[in-house]
Amino acid sequence: LEADESIATCERCGSITLASKNPCELCVQPRKDAQMLCVVESPGDIMKIEESGGFQGRYHALMGRLSPMHGVGAADLRVDKLLRRIADENIQEVVIALGTDVESDATSSYLKEVLATRDVKVSRIAFGLPAGSAIEYSDSATLSRAIKGRQEID
């Protein structure tokens, strides 16, 4: 019960944090590039990328991915909050860091379309991940190379 009361979801990025530190440490660290935002599927992905040391910006967890088969649509993801953050925080680049499975690819394509109307550079991490895999199963070196080798989506 005590753990349940002391743990929260960051109001800004969606990561796991202490209820007393909301927004989380990653959202308020001055060393983080506040104009670069890495969009991931879940809070676990944030921790995995952070462990790699390959990304120095801020994060945004969608809390899922598009999955019509499971009844998950765009309205079920934190896309509206992402769009508000882009406007409110003067985000210059959005790095899409989703897996390479069909649902993640569909989510990435959807985000690319939505973000095309914004004045923001959109890139996706390089495909250093095995096809059909997810970020949570990748090692730190592969993730670091994937972040550094990201490419603009055209």
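This is a short dialogue on reading the sheet in a predicted model.

Colleague: What order do the strands take in the open sheet?

Modeller: Read across the sheet, not along the chain. Here 5 strands run in the order β4-β3-β5-β6-β7. The pairing is mixed.

Colleague: Which strands are the edge strands?

Modeller: Look for strands that pair on one side only. Here they are β4 (57-61) and β7 (151-152).

Colleague: In which sense do β5 and β6 pair, parallel or antiparallel?

Modeller: Compare the strand directions, then find the bridges. Strand β5 (residues 93-96) pairs with β6 in the parallel sense, over 4 bridges. One bridge to look at links Ile-96 with Arg-124 in β6.

Colleague: Through which helix does the chain cross from β5 to β6?

Modeller: Follow the chain out of one strand and into the next. It leaves β5, passes through helix α5 (residues 102-115) and enters β6. This β-α-β crossover is right-handed.

Colleague: How many bridges join β6 and β7?

Modeller: Count them along the pair. Strand β6 (residues 121-124) meets β7 over 2 bridges, in the antiparallel sense. Arg-124 faces Gln-151 of β7. Ser-123 stands opposite Glu-152, also in β7. Arg-124 is thus a good residue to select on screen: its partners include Ile-96 and Gln-151.

Colleague: Across which strands does helix α3 lie?

Modeller: Check the strands under the helix, then the angle. Helix α3 (residues 43-52) lies across β3 (33-40) and β4. Its direction is at about 155 degrees to β4.

Key:
Residues numbered from 1 in each chain as written. Predicted model: local features only at pLDDT ≥ 70, side-chain atom pairs only at ≥ 80, totals over all residues. Heavy atoms only, no water. Pairing = 2+ DSSP bridges. Contact = heavy atoms within 4.5 Å. Axes fitted to C-alpha atoms, helices over the stretch in contact; angles between N-to-C directions. Right-handed = clockwise from strand over helix to strand, strands pointing away.
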